[in-house]
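Q: Hi! Could you walk me through this structure? I'm new to this, so plain words please.

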Amino acid sequence: MKPIQANIKHLRSLKKLSQERFADDLKWTRSVVGSYEEGRSEPPIERLIDLSNYFDIPIDILVRKDLRKAKDTSFIEVGNKRVLFPVTVNEDNEDLIEIIPAKASAGYLSGYDDPEYIEQLQKIKLPFLPTGTHRAFPIKGDSMLPVKDGAFVVAKFLEDIGDIKSGRTYVVLTKDDGLVYKRVYTTDDSGTDLLLSSDNKSYQPYLVSKETILELWEFTCCINTQEYDEKELKLSSIMMMFQELKVELEAVKQMQ
């Protein structure tokens with residue numbers, strides 16, 4: 001069975017539609033739907049476009065990927081027909097968190113929208129997380145101290161880039177830089193760019209175009225894999241004090 005015929009039947013079943021109702025929605029006939037699902041014929045390009053528009057799934061996914069393998073998942077519509085999947089759940093219908101291993105993080109750019117890549121990732125459950133789709137990303141380097149090299153940031157998927165909270169930290173996937181974890185600021189000068197800044201001021205902030213951003217994940221929690229020593233904890237406290245002081249000073253300045 002080719003993926004396209006299996007996918008038509010599978011996606012129709014997910015929507016709990018009869019062949020007749022499905023055909024009516026697409027302005028097809030029931031016999032046409034049956035011929036595609038049974039493999040007696042294949043949809044031409046104009047009908048593949050109809051299916052892509054109807055399900056909000058790219059044509060290449062419909063014709064190349066067997067979506068039945070993601071039967072325990074849900075689908076999230078993202079941007080212009082890009083679909084993030086699968087979102088894995090356990091037997092209690094609770095979301096599981098996919099872990100992007102450090103060794104495989106470089107390949108995330110090419111596999112982030114591939115269900116086969118996502119399916120093979122290890123998964124964990126963290127019951128204290130808020131609702132939403134979460135994923136765990138490995139942190140490399142020291143640009144976001146006190147988050148240490150080797151830690152994992154668990155972050156919540158952000159469906160709309162317009163929902164960014166300026167000054168919060170996000171895992172950002174871009175076409176040019178792949179995965180980065182940065183503090184993100186909206187810019188006043190241009191609505192098309194975001195400013196990505198490191199908490200370690202040894203690294204210079206830089207602008208990225210919103211058009212190059214493929215995914216945004218908002219920080220939820222951090223899992224450290226190394227213990228902090230006493231000096232690091234003191235340094236962290238000092239940095240936090242100065243950050244809070246800066247916020248207070250900016251608030252006073254705005255009031256004047």
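**Charges, rings and strands**

A: Happy to! Let's start with glutamate 37, which counts as buried because its relative accessibility is 6%. Keep in mind that this is a predicted model.

Q: Cool, so which side chain does glutamate 37 meet in a salt bridge?

A: Its partner is arginine 12, and the N to O distance is 2.6 Å. Arginine 12 sits in helix α1 (residues 3-14) and glutamate 37 in helix α3 (residues 30-37), so this pair ties together parts that are 25 residues apart in sequence.

Q: And arginine 12, is that buried or exposed?

A: Arginine 12 counts as buried too, because its relative accessibility of 10% is under the 20% cut-off.

Q: Why would two side chains like that pair up at all?

A: Side chains of opposite charge can pair when their charged atoms come close.

Q: How many salt bridges are there in the whole structure?

A: A search finds eight salt bridges. One of them joins arginine 135 and glutamate 98, at 3.1 Å from N to O. That pair links distant parts of the chain, with arginine 135 in strand β5 (residues 134-138) and glutamate 98 in strand β3 (residues 97-99), 37 residues apart. Both arginine 135 and glutamate 98 are buried.

Q: Got another one for me?

A: Sure! Glutamate 218 and arginine 168 meet in a salt bridge at 3.4 Å, N to O. Glutamate 218 belongs to strand β11, while arginine 168 is in the loop between β6 and β7, and the two are 50 residues apart.

Q: Is arginine 168 buried or partly exposed?

A: At 36% relative accessibility, arginine 168 counts as partly exposed, whereas glutamate 218 is buried at 10%. There is also a network here: salt bridges with shared partners join Lys165, Arg168 and Glu218.

Q: Switching topic: how many aromatic pairs does the search find?

A: Eight aromatic pairs turn up across the whole structure. Take phenylalanine 157 and tryptophan 217: their ring centres are 5.1 Å apart and their planes are at 65 degrees, so the pair is edge-to-face. The cut-off for that label is over 60 degrees.

Q: Where in the chain are phenylalanine 157 and tryptophan 217?

A: Phenylalanine 157 is in strand β6 (residues 152-157) and tryptophan 217 in strand β11 (residues 213-223), so the pair ties together parts that are 60 residues apart in sequence. Phenylalanine 157 is buried at 7% relative accessibility, and tryptophan 217 is buried at 0%.

Q: Which rings link into a cluster?

A: Ring pairs connect Phe22, Trp28, Tyr36, Tyr54 and Phe55 into a cluster. Tyrosine 54 has another neighbour as well: lysine 15 lies over the face of its ring, 5.5 Å from the centre.

Q: What about lysine 182, which ring does its charged end sit over?

A: That would be the ring of tyrosine 203, with 5.8 Å to its centre.

Q: Last topic, strands! How many residues of β7 are buried?

A: Six of its six residues are buried. Thr169, Val171 and Leu173 point one way, and Tyr170, Val172 and Thr174 point the other way.

Q: And how does β7 run against β8?

A: They run antiparallel, joined by six bridges, with β8 covering residues 178-186. A hairpin of three residues connects the two strands, and leucine 173 stands opposite leucine 179 in β8.

Q: How many bridges pair β7 with β11?

A: Five, and that pairing is antiparallel. Valine 172 has leucine 216 as its bridge partner in β11.

Methods:
Residues are numbered from 1 along each chain as its sequence is written. This is a predicted model: local features need pLDDT of at least 70, side-chain atom pairs count only at pLDDT 80 or more; totals for chains, interfaces and linings use all residues. Side-chain values use heavy atoms; hydrogens and water are left out. Rings of Phe, Tyr and Trp (its six-membered ring) pair if their centres lie within 6.5 Å; planes under 30 degrees apart count as stacked, over 60 as edge-to-face and the rest as tilted. Helices (H or I, at least four residues) and strands (E, at least two) are DSSP runs, numbered from the N terminus. Buried means under 20% relative accessible area, exposed over 50%, partly exposed in between (1.4 Å probe, protein chains only). A charge sits over a ring if NZ of Lys or CZ of Arg is within 6 Å of the ring centre and within 35 degrees of the ring normal. A salt bridge is a side-chain nitrogen of Lys or Arg within 4 Å of a carboxyl oxygen of Asp or Glu. Two strands pair if DSSP finds at least two bridges between them.
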